[in-house]
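Me: Please take a close look at the ligand site in this model, and start with the surface. Give me the cut-offs as you go.

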Amino acid sequence: MRNVDATRPLSDLSLAGRRGAVFPGSDVPDRPLEDLIPAKYRSKTLPPLPEVTEPDVVRHFVNLSTKNMCVDTHFYPLGSCTMKYNPKRHERVSRFAGLGDLHPYARPEDSQGLLQMMFEMQQMLGEIAGLPAVTLQPAAGAQGELTALLVAAAYFRDRGEERTKVLFPASAHGTNPASAALAGFECVQLNKSVNGFVDLEELREKLDDKAAVFMITNPNTLGLFEKNIAEISRLVHEAGALVYIDGANMNAILGITRPGDFGGDMMHYNVHKTFTGPHGAGGPGAGPIAVRPFLADYLPGPIVTQSADGRFGLETPARSIGRVRSFFGNVGILLRGYLYLRTLGPGGTKAVSETAVLNANYVMATLKDVFPVPHGDRCMHEFVASARSIKAERGVTAMDIAKRLLDYGYHAPTVYFPLVVQEALMIEPTETESKETLDAFAAALRKIVSESTETLKGAPHTSTISRPDEVAAGRNPVVCWGGACEPVPVGV
Ligand SMILES: *Cc1c(COP(=O)(O)O)cnc(C)c1O
């Protein structure tokens, strides 16, 4: 029997001349290779592809795929990422030939069905946001942020206002300042907080006539609804700036309240989070943005439109900032989100958020005596517990606990984010988990704190690799192929 250790490269199994499939000889005369591919396009040497059987390849990749945890194999309470279950009917329907095989260059008259769905998706997103103008173009939340900030920049440029600053609280997701910097703004961070909420005094001080946008996540990254959001919006508007709502936490408020109603001028969705696009490891995603009508003219196109005769078409707004992605967005993910919203209907959408909030509060209440939650007695869809006292007593960190959870068959929560909580464990159960799963997860965490420090420091004990150097892996990745390893240049 051959070793099927999936962590070994496939090239280890290679045997010269071995083939995955052998076809009968062709009964048409061979054309010289030169006719098919001119010499200038051909490399001198063949790539060193492994010569293996088909079962070798299938086993290698199927086994490799089981080395990671995913929503289909494990409970995945990764805070802020909304790792809810992705219904399989979305996968089936989005692969229907008329959808999955449709060419992005198909003429609008030949793709009316898909365009209608994308048109309705724009409308539903506009309605849920309370911000009616929507573009489906951005391919992720982060790209939605960047797009909205470029829209804001174009708007102020048109008004002849020189506004150079983007403000955000210290609890903001790292993509907020990154998008602001990329869009050419100066980043201004609010460092204080009042019990996890924006400090209105500090906001007043930092808002001036150079402020363009205040970016705020609501519910915030502590899983709390910013109770002063109306006042925050009023202050920002009074200073002549715009309010940007980071919509990554929409799973808590669907059908209950709307960013447009509490003062937001622009927002992004993470369709892959809130509306069940399967996601992880950086993709795929969809980050549509919704804005107030006075910003609609700057949105990237094409946007799906409907004419008086009911036909659907594609149009780009007159003062558009230009495209931010090819075609009209990451249609595969948008379709799954559309199917999800259509399945639920307005009442079901609201029930999603109510159950997500209930589940998070249930887990929080079950664990609070062992893992205190520094901010808030009640949470929205997620909560941020602290392992600070456990660290002070025994030197066991949030990372040790997260790693040990892997041995118990749970994906770890988000750790060390937001930075305002020491030894943070950010837990987001989502609405798709049963009470039994939540109970078992809480029991595992309780069991873990009763284990020896040595066991926890060495965890995980059951995974293929234990504790990679995450910073080095991110900053200096090394790829290996056929026994040779090469560092990959990263960054710009
Ligand atoms: C996930 C997330 C983002 C970024 O979204 P991507 O789709 O991953 O680019 C921004 N803000 C918050 C609060 C998030 O959780």
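Reply: Leu-33, Leu-36, Ile-37 and Tyr-41 make up a nonpolar surface patch. Together they offer about 430 Å² of accessible area (Shrake-Rupley, 1.4 Å probe; for residues, only the protein chains shown count as cover). Patch members have over 30% relative accessible area and no salt bridge (Lys or Arg side-chain nitrogen within 4 Å of an Asp or Glu carboxyl oxygen). Nonpolar side chains (Val, Leu, Ile, Met, Phe, Trp, Tyr) are joined within 5 Å, like charges within 9 Å. Leu-36 belongs to helix 1, residues 33–36. Helices are DSSP runs of H or I, at least four residues, numbered from the N terminus.

This is a predicted model: local features need pLDDT of at least 70, side-chain atom pairs need 80 or more, and totals for chains, interfaces and linings use all residues. Residues are numbered from 1 along each chain as its sequence is written, and side-chain values use heavy atoms, without hydrogens or water.

Now the ligand. There are 13 residues around it (a heavy atom within 4 Å). Nearest come Ser-80, Gly-141, Asp-246, His-272 and Lys-273. By class, the shell has 3 nonpolar (Ala, Val, Leu, Ile, Met, Phe, Trp, Tyr, Cys, Pro), 3 charged (Asp, Glu, Lys, Arg) and 7 polar residues (the others, Gly among them).

Ligand oxygen atoms make polar contacts (N or O pairs within 3.5 Å). A side-chain N or O atom of Ser-80 sits 2.6 Å from one. For a backbone N or O atom of Gly-141, the distance is 2.8 Å. A polar backbone atom of Ala-142 is also 2.8 Å from a ligand oxygen. Taken alone, the ligand exposes 380 Å², and the protein buries 87% of that. Helix 6 (141–158) and helix 10 (271–274) each give two or more residues to the shell. Helix 6 supplies the largest share, 3 residues.

Definitions and conventions. Polar contact = N/O pair within 3.5 Å; in protein donor to acceptor, adjacent residues only side chain to side chain.
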